[in-house]
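Reader: I would be grateful for a close look at the interior of this protein, with attention to its cores and to the empty spaces between its atoms. Please treat the matter as one connected account.

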Amino acid sequence: MTSDNGEPVYRPGLDEDEDAPREMRVEHDSLGEMPIPADAYWGIHTARALTNFPITRRALSNHPNLVIALAMVKQAAARANKELGVLRPERADLIDQVCQEIIEGELHDQFVLGVLQGGAGTSTNMCANEIIANRCLELMGLPKGDYDSFHPIDHVNRSQSTNDVYPTAIKLAMVFSLRSLLDEHRLLIESFTAKGQEFASILKVGRTQLQDAVPMTLGQEFRGFATTLGEDQERLGEIIPWLNEINMGATAIGTGITADPRYAESVRRHLSEISGYTMVTAPDLIEATSDTGVFMTVSGTLKRAAVKLSKICNDLRLLSSGPQAGFGEISLPHRQAGSSIMPGKVNPVIPEVVNQVAFSIIGADATVTAAAEGGQLQLNAFEPVIASSILQSLAWMTNACRTLRLNCVDGITANEARLASMVESSVGVVTALTPYIGYQRSAALAYEALSSDVPVRQLVIERGLMTEAEIAKVLSPERLSGVVPPTGAIALPMVPPED
């Protein structure tokens with residue numbers, strides 16, 4: 001199939017092996033009829049969406065958490081409908097059974113629809129309805145497409161609308177994805193913490209604005225990485241309760257039309273039991289159906305975490321730069337040859353790929369922001385791009401944390417001889433002497449040390465400003481790095497009080 005301009009149009013599930021004969025069935029809707037592959041569990045609404053939205057080859061099945069979340073929502077709805085007597089028990093039980101199959105990983109390949117689509121997620125909801133209905137028909141011994149016997153809307157979608165099913169499912173999918181991210185993020189924090197302990201006694205030169213500053217330990221630097229990631233771990237975890245507020249029972253716009261008044265509470269309770277998370281029904285279902293603010297919170301918090309992780313990767317690349325003409329303070333694990341022309345070159349490819357994940361998340365956050373702003377009146381039609389942007393960002397961030405930990409941080413080593421040499425020749429240590437010899441003398445000694453290549457320690461002793469024993473105490477690694485406070489090194493000179 002080609003588009004109006006002659007370019008090929010890809011339709012997942014319709015265009016594979018076009019030349020191979022395939023048995024078809026015919027399905028009908030209000031617009032007419034279409035041939036559907038006889039073995040497909042999806043139906044005519046999905047087929048129309050495949051033709052209408054040939055935008056991306058990234059199908060719903062690439063987001064298994066979303067597929068599982070959709071099944072959980074449909075399962076909870078079936079149980080609520082059975083409990084309230086609005087769906088016959090045998091039908092509800094069949095839906096329940098099929099949804100459990102999907103939750104356990106079956107039928108995911110049937111979710112062929114692309115993640116980007118018009119219609120505020122209606123095609124995704126209908127795709128799920130059709131798959132569940134046709135699997136129910138199969139279990140009943142009836143042919144797929146026999147919707148007079150089991151209908152995607154009348155039975156599977158009973159008491160529901162896309163406008164409460166879809167946002168609830170994408171929120172639940174984000175909770176599942178956030179949990180996976182938090183697990184990997186925590187392991188990365190532990191890896192940086194372990195390196196902080198390993199490097200605790202290794203002194204180095206600190207830097208501000210890429211210029212030499214005062215000494216610190218390499219362990220302090222790596223513990224700082226762990227601490228800043230720990231802050232993001234807390235912020236990401238705080239989002240989950242916000243995502244647990246749902247609008248099931250709102251149906252089309254929040255008024256609850258077509259649903260039993262008891263349905264919202266019943267489906268909430270069942271979804272809580274199925275998912276393992278305590279769901280809360282939004283107090284204002286009309287507001288909840290149109291508002292996408294929580295997705296901006298998720299995206300913005302994820303962007304913050306990604307930006308900070310990217311900054312850490314920048315530091316790792318700088319600290320490992322060289323190996324001869326750069327900082328050369330640490331060595332990253334060699335993962336692959338770095339050049340097609342320069343023999344022996346090895347690049348920091350793992351931090352680089354994490355940087356790129358962060359750049360993508362920053363861009364996705366801009367997309368989410370624009371989509372949230374673009375909503376109108378009682379519904380935001382752009383939730384599909386919000387969902388795909390955030391779920392992709394969560395998946396990529398999770399993978400980035402894992403590869404950074406396993407393929408980089410766990411294998412970092414310190415170049416101790418180079419670090420010691422830089423500390424010994426650094427004029428930054430003169431800062432520690434200012435309480436004893438004054439700022440002006442310290443500055444003069446710093447300039448002299450830089451111009452003469454004579455260590456500050458030696459110049460101070462030669463000028464008789466401090467004894468060798470005194471300067472040894474003040475410039476000890478423990479005191480330079482702040483591990484031991486300076487009190488008690490030597491007595492500070494007494495100064496008269498100012499007028």
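Author: In this predicted model, residues 32-363 carry the UniProt feature "domain: Fumarate lyase N-terminal", which comes from an unreviewed entry. Over that stretch the chain is 58% helix and 8% strand, and its end C-alpha atoms stand 40 Å apart.

The interior may be taken up with its packing. The largest nonpolar core has 120 residues, and those touching the most other members are Ile95, Phe111, Phe192, Phe222, Leu316 and Leu404. Helix H6, at residues 162-198, gives the most to this core, namely 15 residues. Leucine 316 illustrates the packing: leaving aside neighbours within four places in sequence, Leu316 is in contact with Phe192, Phe222, Phe225, Ile330, Leu332, Leu404, Cys408 and Ile412.

A second, separate core has 14 residues, among them Tyr436, Ala449, Val456 and Val460. Two of these, Val456 and Val460, are also in contact with leucine 433, a residue of the loop between helix H13 (416-425) and helix H14 (434-437). Further contacts of leucine 433, again leaving aside neighbours within four places in sequence, include Met466, Ile471, Val474 and Leu475. Leucine 433 counts as buried because its relative accessibility is 0%, and the cut-off for that class is under 20%. From tryptophan 396, leucine 433 is 37 residues away in sequence and 48 Å away in space, C-alpha to C-alpha.

The empty spaces come next. Rolling a probe the size of a water molecule over the atoms shows where empty space is left. The largest pocket has a volume of about 460 Å³. Its lining consists of 22 residues, and Ser320, Gly322, Pro323, His334 and Val346 lie nearest the centre. Strand E7 (330-331) and helix H11 (349-373) each give two or more residues to this lining, with the largest share, three residues, coming from H11. By class, the pocket lining has 10 nonpolar, 10 polar and two charged residues.

The whole structure also holds two cavities of 30 Å³ or more. The largest cavity contains about 40 Å³ of space, and helix H12 (residues 383-407) gives the most to its lining, with four residues. That lining has seven nonpolar, two polar and no charged residues. The second largest cavity, of about 30 Å³, is lined by Pro167, Lys171, Ala288, Thr289, Asp291, Phe295 and Glu383. Here H6 returns: H6 and helix H9 (285-290) each supply at least two of these lining residues. By class, the lining of the second largest cavity has three nonpolar, one polar and three charged residues.

Note on methods:
Residues numbered from 1 in each chain as written. Predicted model: local features only at pLDDT ≥ 70, side-chain atom pairs only at ≥ 80, totals over all residues. Heavy atoms only, no water. UniProt positions renumbered as here; feature names shortened; annotations may be inferred. Core = buried A, V, L, I, M, F, W, Y, C linked by side-chain atoms within 4.5 Å. Buried < 20%, exposed > 50% of the residue type's maximum accessible area, 1.4 Å probe, protein only. Contact = heavy atoms within 4.5 Å. 1 Å grid on protein atoms, 1.4 Å probe; cavity = no way out; pocket = protein on both sides within 12 Å on 5 of 7 lines; lining within 4 Å. Points joined across faces, edges and corners; volume = space filled by probe spheres on them. Nonpolar A, V, L, I, M, F, W, Y, C, P; charged D, E, K, R; others polar.
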